[in-house]
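Here's a quick tour of some helices and how they sit against their neighbours. Have the model open while you read.

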Amino acid sequence: MRIIFSAVKKNELLDWLVANGAQSFLFSYEDKKVFKQVEHLSTYTDKKFIILIDSGAFSAWNRGLVINIDHYVQFIEKVKKIKTTHEIYFINLDVIPHKKGTIPTPEQIDRACKKGIENYFYIKDKGHSTIHTFHQFESFDFLRFIVEHCNDLNYIGISPANDQSVESRNEWLKTIYNELKTDVRTHVLGLTAKDSLEKFPCYSADSSSWINVGRFGELFDYDELEKIPKKNLNKNNLQYFDPNTDFHEAFKYYLNLEKYITDLWTTRGIKWKN
């Protein structure tokens, strides 16, 4: 299982992550530095990382912008010219079904699903296979179609709704993994809660929580794999760090979580090849 570290903006931070054991990274096409970041990681010729590159559709939508699919294809082609030992995957260009501040209707969701699948095949016709993503509240007919027809890499994205509770997301993921076979590699976007990863055999998951500890004010016990909420922090806690200057404990927590989850699913008979 891979914990994929996102929200890395500087090469110096990439070097720090690599030196401390990170092997998987997520970048966004919308970030103008992403090409340089992939180039930088490619200088590590003695290693083999997994690099996921998101289309940035949601971030662009959040800012009232739209990603041009042809520009994204050109970017994919540019990145593919980088000489590298690493596995690089591109996530398909999603279509957001509604305007910001509104709730999408079932009809809007279906139209967005169909357009997203159109984008998958448009990019494929240009010679590039991408990871297509299935989102919470989409029809399971689309999940079955994605697994059968939009799965060239045996790797699909699973996106729980970020405005739902952990319980709601877990219930949805339970239905997902009851539907899928375990030989389908899945990447869960933005959800690395320990109790979720213990329940569902995903191949990879990404999170920016490790670097955003300042927002959450959590203490990370990386040996016991526990997070102590901000409301429970006090001067008697044995280990408290300034989240504005030190995120090492948070990073180590996720690195240890990756090993724990991998070992857990291995004992359950599920072992990922990479």
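What follows looks at one helix in detail and then at one helix pair, all in a predicted model.

Let's start with helix α5, residues 106-125. With 20 residues at 1.5 Å each, α5 should span 28 Å, and its end C-alpha atoms are in fact 29 Å apart, so expectation and model agree.

Which residues of α5 are buried? They are Ile109, Ala112, Cys113, Gly116, Ile117, Asn119, Tyr120 and Ile123. Because these residues cover an arc of only 150° around the axis, they end up on the same side of α5. Flip to the other side of α5 and you'll find Arg111, Lys114 and Asp125, which are exposed. As for partners, the buried residues of α5 pack against α4 (69-80) and α6 (140-149). Just past the end of α5, Gly127 has a positive phi of about 100°.

Now for the pair, helix α1 (residues 11-19) and helix α2 (residues 34-41). Their axes lie 10 Å apart, and the two helices pack at an angle of about 35°. The crossing of α1 past α2 is right-handed. Here is who makes the contact:

| Helix | Residues in the contact |
|---|---|
| α1 | Asn11, Leu14, Asp15, Val18 |
| α2 | Lys36, Gln37, His40, Leu41 |

What kinds of residues make up this contact of α1 with α2? It's a mix: three are nonpolar, three are polar and two are charged.

How values were computed
Residues numbered from 1 in each chain as written. Predicted model: local features only at pLDDT ≥ 70, side-chain atom pairs only at ≥ 80, totals over all residues. Heavy atoms only, no water. Helix = DSSP H or I, 4+ residues; strand = E, 2+ residues; numbered from the N terminus. Expected span 1.5 Å × (residues − 1). Buried < 20%, exposed > 50% of the residue type's maximum accessible area, 1.4 Å probe, protein only. Arc of directions from axis to C-beta. Contact = heavy atoms within 4.5 Å. Axes fitted to C-alpha atoms, helices over the stretch in contact; angles between N-to-C directions. Left-handed = near helix turned anticlockwise from the far one by under 90°. Nonpolar A, V, L, I, M, F, W, Y, C, P; charged D, E, K, R; others polar.
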